[in-house]
Amino acid sequence: MKACIVTHKVAKGDGQGRVNYEVAREVLHRGHRLTLLASSIAPELQDHPNLNWIKISVASLPTELFKNLAFMHHSHQWLKQNAHHYDVTKINGTITSYPADVNAVHFVHSAWLQSSVHPAQIHRNLYGSYQWLYSKFNALLEHPILSQARTVVAVSQKVGQELTEIGISPSQIQVIFNGVDLDEFHPGQSDRSQWQLPNSVPLALFAGDIRSNRKNLDTILKALQQVPELHLAVVGNPEQSPFPQMAINLGVSNRTYFLGYRRDLPAIMRAVDFFIFPSRYEACTLVVLEAMASGLPVITAKTTGGSEIIHPDCGIVLPDSEDSVAIAEAAHKLMTQSNLRHQMGQTARKIAEQYSWSTMAKHYVDLFEFIHQQKLQRE
């Protein structure tokens, strides 16, 4: 089988890039030939004898919108000339307008545009206008591009529902959850002192972008006011973030530890008691699976894509992400019931083990081979 994958990046350190990295490895592992249309790929893939990299350079262009437009144009032109040489093509969302066999959707811009926490709703300035234009442009392309695909892969049930709401047929949609590195994220213990975190206190963790309110750290800080014994570690870039000052204003700064952007998140997860992530809007977050793989109970909300895999025996899914009282009650429950917390953590790990990167990649390549066989039978 000859497969072609179109994506901006193929790399471990990138959400969508990691998905395509693992899928590429599985395609090559099964002995198939693979062409990657991408701006960058992981060095360890570049010399593989069965891999051909067609580089599309857009780095010199200003703004993501112009880079995406250029990538879309160049990839469309290349596929128009070469797609007939391949048995299966996979693209990602609105990355190119050329019809593909498989389109993997990691984010539905039409749904995000309607969210109350979209930057255009909050920032009435040039930044907000640009974010509206970027989302609107992609939203307008979604239905015409996605409807062309033989199979549209949704990375969560939430994304699948959003796809049906923009008119994609349920018969086209297949859900394949993103994966997690079970070796990197695993249960254990870490010494808190290496991050200047206090020992012998209940400690929760939040990790995500804290430069906007989409991830909902503000409601967590309000909940922290109501649980005076609880401490909170925050992983995320604090530059231009309003939340360090908010923690001071709410009187919880002495129990909130802003650790900045970290590459040692797996070790930090082994130093805390549970994970809080009630994001206001999320298509499918990797960090929740990473917490579960680390043996942590999770407090999240229905607005967080991927929350459907969290059962009551491994975490708490809140119906309302804005309910600081419910977050506080959930945190108090996990903080005070160590046996329950331990049991939930064990179950969380078992569930996460069903979603390894290798399992995810196998689902994708099984789909590729199925489509290829269907084409052969019709010939």
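Leaving aside its neighbours within four places in sequence, which residues is Thr-89 in contact with? In this predicted model, the partners of Thr-89 are Cys-4, Pro-99, Ala-100, Asp-101 and Val-102. Thr-89 sits in strand 6 and, at 7% relative accessibility, counts as buried because the cut-off for that label is under 20%.

**The sheet around strand 6**

Strand 6 belongs to an open sheet of 7 strands with parallel pairing, in the order 5-3-1-6-7-8-9. The edges are taken by strand 5 (51–55) and strand 9 (173–175); each has a single partner strand, so one side of each is left without a neighbour in the sheet. From one strand to the next, the twist averages 20°.

Let's look at one pairing. Strand 1 (residues 2–6) and strand 6 (residues 88–92) run parallel and are joined by 3 bridges. Ala-3 is the residue that stands opposite Val-88 in strand 6.

Helix 14 (residues 357–378) lies across part of this sheet: strand 6, strand 7 (102–105), strand 8 (151–154) and strand 9. Its direction is at about 135° to strand 6.

**Nonpolar cores**

Which residues touch the most other members of the largest nonpolar core? They are Leu-163, Phe-275 and Met-292, in a core of 113 residues. Helix 14 turns up again here, giving the largest share of this core with 8 residues.

Phe-275 has a long contact list, even not counting residues up to four places away in sequence. Its partners are Leu-205, Phe-206, Ala-207, Met-269, Val-287, Val-288, Ala-291, Leu-296, Pro-297, Val-298 and Ile-299. Apart from the largest core lies another one of 17 residues, and Val-58, Tyr-86, Ile-91 and Ala-100 are among them. Ala-100 is also one of the contacts of Thr-89.

**A pocket**

The second largest pocket holds about 420 Å³ of space. It is lined by 20 residues, and the closest to its centre are Gly-188, Val-272, Asp-273, Gly-295 and Leu-296. One of these, Leu-296, is also touched by Phe-275. Helix 13 (residues 338–352) gives the most to the lining, with 6 residues.

**Phe-258 and its surroundings**

Phe-258 has its place in strand 12 (residues 256–260). Is Phe-258 buried or partly exposed? With a relative accessible area of 25%, Phe-258 is partly exposed, since buried would call for under 20%. Leaving aside neighbours within four places in sequence, Phe-258 is in contact with Ile-210, Leu-217, Val-234, Phe-243, Pro-244 and Ala-247. As for Phe-243, it is 15 residues away in sequence and 9.3 Å away in space, C-alpha to C-alpha.

**Two positive phi values**

Gln-196 and Asn-216 both deserve a look at the backbone. Phi of Gln-196 is positive, in a residue other than glycine, and Asn-216 also has a positive phi although it is not a glycine.

| Residue | Phi | Loop | Relative accessible area |
|---|---|---|---|
| Gln-196 | near 60° | between strand 9 and strand 10 (203–207) | 64% |
| Asn-216 | about 80° | between strand 10 and helix 8 (217–225) | 0% |

In terms of accessibility, Gln-196 is exposed, whereas Asn-216 counts as buried.

Note on methods. Residues are numbered from 1 along each chain as its sequence is written. This is a predicted model: local features need pLDDT of at least 70, side-chain atom pairs count only at pLDDT 80 or more; totals for chains, interfaces and linings use all residues. Side-chain values use heavy atoms; hydrogens and water are left out. Two strands pair if DSSP finds at least two bridges between them. Helices (H or I, at least four residues) and strands (E, at least two) are DSSP runs, numbered from the N terminus. Axes are lines fitted to C-alpha atoms, for helices over the stretch in contact, and angles run from 0 to 180 degrees between N-to-C directions. Contact means heavy atoms within 4.5 Å. A nonpolar core is a set of buried Ala, Val, Leu, Ile, Met, Phe, Trp, Tyr and Cys residues joined through side-chain atoms within 4.5 Å. Buried means under 20% relative accessible area, exposed over 50%, partly exposed in between (1.4 Å probe, protein chains only). On a 1 Å grid over the protein atoms alone, a cavity is a set of points where a 1.4 Å probe fits but cannot get out, and a pocket is an open set with protein on both sides within 12 Å along at least five of seven lines; lining residues have an atom within 4 Å of a point. Grid points are joined across faces, edges and corners, and a volume is the space filled by probe spheres set on the points.
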